[in-house]
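Please examine the following model, and consider how its strands, helices and charged side chains are arranged. The explanation proceeds from a single residue to the wider elements.

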Amino acid sequence: MPTEATSHTAADPLALDVFVLPAFAAEDFRLDEQHEPGDSDVPNELQQWLDAYDFAHEIEVPGANAPVYYTESGIGITTTGMGKVEAATTVAALFGSPHLDCSETYFVTAGVAGAPPSVATLGAVFLADAVVDWDRKHRVGDDEGGSRVELLRYRPHDYVFRLDSDLVADALDVVEEVELADSEEAERLRKQYDDDGDGTNHDAASRAPFVSTGVTLCGDEFWHGREFSEQAQWLVEQYDAGTYATTEMEDFGTTTALERFGALDRYLSVRGVVNFDQPPEGSGARDGEEVVFELGLENTFRVASEIVDTLAERE
């Protein structure tokens, strides 16, 4: 961790080129008796960045989830906290701090995600081209104990942010040649999706890791199962956003805050797939929830760090 605290006055605020926004470090989790913060199997979206970059300085920002660490070369990082409220609050705190000047800063979310096996594979990395809010909707029960979703009837606008297409395209070009990691565990889990007995095309699930673009669906609940995946896709289609590629918990909060501060055109979301959001054919909804955090974190870092370094060098 950085050891030097640096003070900036309102007259001389720190202007960073890029802010990296992972959601959580290991210490952000409230763990059970089998785990302690720092255990190797506790997910940590921050640590690889601290290991790879010289974040020699830090600033305390009131309202943010954690201190801001930054390098001499203009790259900053802080964990937003998990969930939309935490992410929005942290981003707003960065803009509200008199010690920071975010007027020209790029923001890059770098974190993990779930994904449907019809679109992605374990270890794949997606750059979001749109962000959809999964939570604001109507859910209506039926007599059989199931439910259907409907658009929120009282919405002032559709809950979708479309990201700057040129920035997304430029970032995709930058990472075209990035070599991604793979693992035996990921290969084993993929093979469960080879038999498409229900007629669903899961060819993407069988692929080695790749980089692509797609819609990210943001919600504050962990969900798993075909029914929810179908409902999620229906919701995305109502906003003419296409097909969702990843599921996560922070990006709509982040984009809401950035849009309010006029910075949405300087935002990228990079998400590595660590689990499928529905089980393989013949399995129940509680099956197939295995997660390959290490692989997803590694590939997220490989892709996001290339983008961050390129943005930091922009004039």
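Beyond its neighbours within four places in sequence, His 138 is in contact with Arg 148, Val 149, Glu 150, Leu 151, Leu 152, Arg 153 and Tyr 154. The model in which these contacts appear is a predicted one. His 138 belongs to strand 8, which spans residues 137–141. Its relative accessibility is 16%, and His 138 therefore counts as buried, the cut-off being under 20%. A polar contact of the His 138 side chain is made with the backbone nitrogen of Arg 153, at 3.5 Å.

Strand 2, residues 18–21, illustrates burial on two sides. In a regular strand, side chains alternate between the two faces of the sheet. Val 18 and Val 20 lie on one side of strand 2, Phe 19 and Leu 21 on the other, and all four are buried, so that both faces are covered. Strand 2 also has two pairing partners. With strand 5 (residues 75–77) it pairs in the parallel sense over three bridges, and there Val 20 has Ile 77 as its bridge partner. With strand 6 (residues 106–115) the pairing of strand 2 is likewise parallel, over four bridges; in this case Phe 19 is matched with Phe 107.

Among the helices, helix 6 (residues 251–260) is mostly covered, with eight of its ten residues buried. The buried residues are Asp 251, Phe 252, Gly 253, Thr 254, Thr 255, Thr 256, Ala 257 and Leu 258. After helix 6 comes Gly 262, which has a positive phi near 70 degrees.

The charged side chains form 13 salt bridges. One of these links Arg 188 to Glu 185, with the closest N and O atoms 2.8 Å apart. Both residues lie in helix 4 (residues 184–191), three residues apart, about one turn of the helix. An α-helix has 3.6 residues a turn, so residues three or four places apart point the same way. Arg 188 is partly exposed, at 42% relative accessible area, and Glu 185 is also partly exposed, at 35%. Elsewhere, Lys 84, Asp 133, Asp 135 and Arg 136 are joined into one network by salt bridges that share partners. Within this network, the side chains of Asp 133 and Arg 136 meet at 2.9 Å, N to O. Asp 133 is buried, with a relative accessible area of 1%, whereas Arg 136 is partly exposed at 35%. A further salt bridge connects Arg 155 with Asp 158, the closest N and O atoms being 2.9 Å apart; Arg 155, at 29% relative accessibility, is partly exposed, and Asp 158, at 35%, is partly exposed as well.

Note on methods. Residues are numbered from 1 along each chain as its sequence is written. This is a predicted model: local features need pLDDT of at least 70, side-chain atom pairs count only at pLDDT 80 or more; totals for chains, interfaces and linings use all residues. Side-chain values use heavy atoms; hydrogens and water are left out. Buried means under 20% relative accessible area, exposed over 50%, partly exposed in between (1.4 Å probe, protein chains only). Two strands pair if DSSP finds at least two bridges between them. A polar contact is a pair of N or O atoms within 3.5 Å; within protein, one must be able to donate a hydrogen and the other to accept it, and residues adjacent in sequence count only if both atoms are side-chain atoms. Contact means heavy atoms within 4.5 Å. A salt bridge is a side-chain nitrogen of Lys or Arg within 4 Å of a carboxyl oxygen of Asp or Glu.
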